[in-house]
Amino acid sequence: MNGDRIFIGIIAVLVKILYNPKVYSEDGTRKRKPRIEGPAILVCNHTSHLDGPIVGTTLKGPLIHSLAAKDRFEQKGFGFFLRHTCCTPIDRQHADTSWIHESLKILSEGGCVAIFPEGRHGSHRQQLPFHSGVSMLAVMARVPVTMVYIDGPHRIFRRTGMMVGEPFTIEIPAGGLSADYVDEQTRILEEKMRCLMQKYTEI
């Protein structure tokens with residue numbers, strides 16, 4: 001783990017030099033020292049492979065563990081990078097639940113998990129439907145959820161912008177958890193991201 005922290009520290013320096021992220025709160029004010037209190041789930045949009053490293057090294061607090069596609073771990077260079085930057089594999093081709101168990105373990109230990117529920121699509125002004133696993137994790141973990149809008153794709157020596165929403169929780173309903181409830185909460189998360197993106201464009 002110490003080796004991973006050193007590697008992450010190097011990535012943090014590179015992110016600062018190359019992208020120098022500026023972070024805003026939901027009300028449009030700058031956050032000079034953005035900090036996330038763990039445990040927490042960060043729900044992020046996804047336009048670039050750099051989103052995880054930028055979020056993970058810009059927001060302060062516990063180590064942020066990002067979810068990444070399992071097939072990326074099988075790529076020689078990129079796989080090494082993922083394994084040493086606190087990333088958890090998720091199998092997009094099969095009904096994989098191991099990422100949920102691993103995420104719950106991280107959260108139970110006070111850590112943070114960054115999840116990109118729409119998948120990478122490369123457009124910072126487009127939003128795809130969220131996969132419902134994000135809501136399932138939030139309900140099972142019962143920890144604060146924070147929306148993070150990232151204004152990508154990122155260009156070297158051009159400042160990257162981010163907006164961090166206010167934390168909230170998703171509760172288990174009185175009647176018990178159901179597929180309809182999970183889908184409803186997923187749509188609510190989609191709308192929260194759209195609102196955050198709109199607020200960012202108005203800065």
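In this predicted model, a search of the whole structure identified 0 disulfides. The cysteine sulfur closest to that of C86 belongs to C87 and lies 7.6 Å away, which is too far for a bond. A disulfide would require the two sulfur atoms to be within 2.5 Å. C87 is likewise in no disulfide, its nearest cysteine sulfur being that of C86. Both residues fall under the 20% limit of relative accessible area that marks a buried residue: the value is 8% for C86 and 18% for C87.

The sheet was examined next. Strands of a sheet pair through backbone hydrogen bonds, in either a parallel or an antiparallel manner. In this model, 7 strands are arranged as an open sheet with mixed pairing, and their order is β1-β7-β6-β2-β5-β3-β4. The edges are occupied by β1 (residues 22-25) and β4 (residues 87-90); each has a single partner strand, so one side of each is left without a neighbour in the sheet. On average, neighbouring strands of this sheet are turned by 25° against each other, direction ignored.

At the β1 edge, pairing with β7 (residues 161-164) is parallel and extends over 4 bridges. Within this pair, V23 is positioned opposite M162 of β7. Helix α5, spanning residues 98-108, packs on the sheet and touches β2 (40-44), β3 (64-69), β4 and β5 (112-115). The direction of helix α5 makes an angle of about 145° with that of β5.

Key: Residues are numbered from 1 along each chain as its sequence is written. This is a predicted model: local features need pLDDT of at least 70, side-chain atom pairs count only at pLDDT 80 or more; totals for chains, interfaces and linings use all residues. Side-chain values use heavy atoms; hydrogens and water are left out. Two strands pair if DSSP finds at least two bridges between them. Helices (H or I, at least four residues) and strands (E, at least two) are DSSP runs, numbered from the N terminus. Axes are lines fitted to C-alpha atoms, for helices over the stretch in contact, and angles run from 0 to 180 degrees between N-to-C directions. Contact means heavy atoms within 4.5 Å. Buried means under 20% relative accessible area, exposed over 50%, partly exposed in between (1.4 Å probe, protein chains only).
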